[in-house]
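This report walks through selected local features of one protein chain, moving from single loop residues to a group of strands and then to the enclosed and open spaces. Please keep the sequence and the structure in view while reading.

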Amino acid sequence: MTIRELVLKVHSRCDLACDHCYVYEHADQSWRRTPPLMAERTVRQVALRLAEYAHEQRLPSVAVVLHGGEPLLAGPARLRSICAELTGALAPATRLDLSVHTNGVRLNRAHLSVFEEFGVKVGISLDGDRAANDRHRLDHRGRSSYDRVRRGIELLRLPEYRHLFQGLLCTVDVAGDPVVVHDALTALEPPLVDYLLPHATWDVPPPPGRAGASTPYADWLLRVFDRWDGQGRQVPVRTFDSILSTLRGGPALAEALGLPPGGIAVVETDGTITRSDSLKIAYDGAPATGYDVFRNSFTEFARGTRDPGPVRSAESAESAESAESAESIHGADGTDGLRSNATTETAGPAQPLSAPAGVSETCRRCRVLADCGGGLYAHRYRTGRGFDNPSVYCADLRALIEGIAERITERALAPAVTSAGELGRARLRLDRALLADVNTALAGDASWDEAWRLLVRLDADGRTAPHLDTVVTHPYLRPSLLDSWDGRADLPRFMAVAAAAALRAGVEATLRWDQPDPLVHLPTLGTVRLSGAGRVEFRLGADGFRVGGAPQPGAPGASPPVLREWRPLASLPCGDGRALTIDDADPFRDCFPAAVTPPLGPGPLDAFRDRLATAYGLLDEREPGWRDGANASTATTLTPLAAGSGLHLGTCGSGALGVAIDVEPEDFARELPRLGRRARLTALREVVDLHLPGSPAERLLDLASEHIGAAARSSPDAAPARLLAGRVLGELSGLPPRELTENGAYLAEELRAEWTALRD
């Protein structure tokens, strides 16, 4: 494991007496043996060890969460000293992301001044409205904490501190009204809400829900999901966002759900290094490792090279990678992507912390494993079996994931499934929607605002709109468009998009922007080489374009960039009045499982084009009308790949086809129909739902299409492929009807008709 987040227990006591607290109210009582306040020498040693680790691992950033107990009990002056020590030690080695997780009771301007000075993000625990919060979050005298927490939050919402607000964390209590709780939290306009299941194990089960409810926590959260979804998902909810991501094949965004996203280390006030705090609910000593910052480095901790002592088989604290720092609002980046099949060790030393946590046999057989990951590691514990169990919330997690999957699945038959033209138009609508997101991200920049006005003008004219569509649907633009979902947009890239659209349309326009490097690639058209980076001016018109340097703000006398070379892309007439683009230069074209070639010289480019022309000619000769088939290749852009690499679809969009520079026309003609089938399925999945997310139907549709495509070719493999297709179609028919939408059912019937025709 690589440590990405350090939970620093600056104070081990708390001014609240929450009855669901994992630190004080569960099996592990190690807090009684630690000093209330972390000593200055301990802070210095933590900072030193962490800086060493960041330097050794070359980490671009390290997250440190100031935690407790209640960290604000340390006081503003001491917190400032801790932040200064960490910042001073880590600044030469990496970027430090500081945050604090607090109950908010004591939060005041003195604290916020410190947090403002060091950029400390603030996450606050609040369980909803007053009634929900005060069922569990009372002080040691039994008094409400609600008004005091709200005062702290209102301070944090002031304009001068708003940028420090990290989010709210809510522990679910099914006794409360979920809609009331959610509305109370979102009314505070937090940048994030995280709902956590109350900590529980098989030995100490969670509080029961209403009588007769088999999945009370899923029922509660699904009501919140419906409210959140109905309101337009205005506030990110980490639990829901993680499930939505994994259901669509993306990464887990929360450590309590999905696959383990990263490493966490905890340092207690006495300097001991432990695994995640949530393990405290299992048994006394569960998080302990035997490491401390005075005797051990974080590298030792991460690698598990030092045996901290015997570990009981039933109480093996194997890996902290899937255990959540449950009171930390600090988000994980979800980039690890491991799917573990490791099993629990029965004896021996503590397991290396780099080993992914094992999941039970029950979990391995479960269809939602990729989405729940077996649940929070601590929630799997049972005396006698250790952590080799499903989560105590297993039924709830499955019901929650399947409930969300059902809610986000559109079942009605879409025209895109029955018509290739409608599929193309649906994909265009998607790309246009993404371009609108780009405008949201870039609006306010003077250069972009001018470009956007140009794009709107092109779109409003029926003569120029098709040229805009050609550029927007260029497959190598898709990765940049998708970045806009996260609010990121590459200004120079999209200025070049606007320039390309205007140039294709032959309209007059002038665009100026700061170009960070000498190469400007105009999608679908070619590459401009400038004399250098700087502020560039493109003057576009019906007769082409001219490039000149624009005034350099803040750099009087600097030489503006000028045009050095224009290299247009080649094209390939494809016999139906269209031409395919041969793109060997786009900086985003490297989206194939084989290496792309560098830009080709005139000789190799002509030879490549001749091979492709011959290959398409073979297809036209052998299968007249193949272009009109439902599964015909819709590639608009061909990119040369390294010799011997064959044909491949790009991951950036179904319109991209990678072709080996030395492809044999016979091989191309044989393989293109197979890839056309695969590209259609890829394109359909971009715009319609064929099945429930995560359903076995996804794999079966792919296999059936592949086998039928192979059976349609005259080769020795045709007969076995027909048999395999029949078996797969049988499996598909045996799935519960709800697995397929009307779109998927239509596609399955289409495949069955193809198979029947081949068999007959």
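## Loop residues with a positive phi

With a relative accessibility of 34%, Arg-233 counts as partly exposed, in what is a predicted model. Arg-233 belongs to the loop that runs between helix H7 (216–230) and helix H8 (238–247), and its phi is near 55 degrees, which is a positive value in a residue other than glycine.

Thr-524, which is not a glycine either, also has a positive phi, in this case of about 75 degrees. The loop in which Thr-524 is found lies between strand S11 (519–522) and strand S12 (526–530). Is Thr-524 buried or exposed? Its relative accessible area is 9%, and because buried means a value under 20%, Thr-524 counts as buried.

## Two loops beside strand S2

Arg-58 sits in the loop between helix H1 (40–57) and strand S2, and with 75% relative accessibility Arg-58 counts as exposed. Along the chain, Arg-58 and Thr-597 are 539 residues apart, while their C-alpha atoms are separated by 31 Å.

On the other side of S2 (61–67) comes the loop that leads to helix H2 (76–90), and Gly-69 lies in that loop. The peptide bond that joins Gly-68 and Gly-69 is cis, with an omega of about 20 degrees.

## Asp-139 and its surroundings

The loop between helix H4 (130–134) and helix H5 (146–156) contains Asp-139, a residue that counts as buried at 5% relative accessibility. What does Asp-139 touch, if residues up to four places away in sequence are not counted? The residues in contact with Asp-139 are then Asp-15, Leu-16, Ala-17 and Arg-148. With Arg-148 there is also a polar contact, in which the two side chains are joined at 3.1 Å.

## Strand S20 and its partners

Strand S20 covers residues 656–660, and five of its five residues are buried, so the strand is largely enclosed by the rest of the structure. The side chains alternate in direction: Ala-656, Gly-658 and Ala-660 point one way from S20, whereas Leu-657 and Val-659 point the other way, and all are buried.

Strand S18 (residues 637–641) runs parallel to S20 and is joined to it by five bridges; in this pairing, Leu-641 stands opposite Ala-660. Strand S19 (residues 647–649), by contrast, pairs with S20 in the antiparallel sense, over three bridges, and here His-648 has Gly-658 as its bridge partner. S19 and S20 form a hairpin with six residues between the strands, and in this hairpin Gly-653 takes a positive phi near 160 degrees.

## An enclosed cavity

How many cavities of 30 Å³ or more does a search of the whole structure find? The search finds seven, and the second largest of them has a volume of about 100 Å³. Its lining is made up of Leu-247, Arg-367, Val-368, Asp-371, Ile-401, Glu-402, Ala-405, Leu-692, Pro-693, Gly-694 and Arg-738.

Helix H12 (residues 394–407) gives the most to the lining of this second largest cavity, contributing three residues. By class, the residues of the lining divide into six nonpolar, four charged and one polar.

## An open pocket

The second largest pocket holds about 1,100 Å³ of space. Its lining consists of 42 residues, and those that lie nearest the centre of the pocket are Gly-424, Arg-578, Thr-634, Ala-635 and Thr-636. Sorted by class, the lining of the second largest pocket has 17 nonpolar, 15 polar and ten charged residues.

Which helices and strands each supply at least two residues of this lining? They are helix H14 (420–442), helix H16 (465–472), helix H17 (478–483), strand S17 (579–582) and helix H20 (665–687). The largest share comes from H14, which provides eight residues of the lining of the second largest pocket.

How values were computed: Residues are numbered from 1 along each chain as its sequence is written. This is a predicted model: local features need pLDDT of at least 70, side-chain atom pairs count only at pLDDT 80 or more; totals for chains, interfaces and linings use all residues. Side-chain values use heavy atoms; hydrogens and water are left out. Buried means under 20% relative accessible area, exposed over 50%, partly exposed in between (1.4 Å probe, protein chains only). Helices (H or I, at least four residues) and strands (E, at least two) are DSSP runs, numbered from the N terminus. Two strands pair if DSSP finds at least two bridges between them. On a 1 Å grid over the protein atoms alone, a cavity is a set of points where a 1.4 Å probe fits but cannot get out, and a pocket is an open set with protein on both sides within 12 Å along at least five of seven lines; lining residues have an atom within 4 Å of a point. Grid points are joined across faces, edges and corners, and a volume is the space filled by probe spheres set on the points. Ala, Val, Leu, Ile, Met, Phe, Trp, Tyr, Cys and Pro count as nonpolar, Asp, Glu, Lys and Arg as charged, and the others, Gly among them, as polar. A polar contact is a pair of N or O atoms within 3.5 Å; within protein, one must be able to donate a hydrogen and the other to accept it, and residues adjacent in sequence count only if both atoms are side-chain atoms. Contact means heavy atoms within 4.5 Å.
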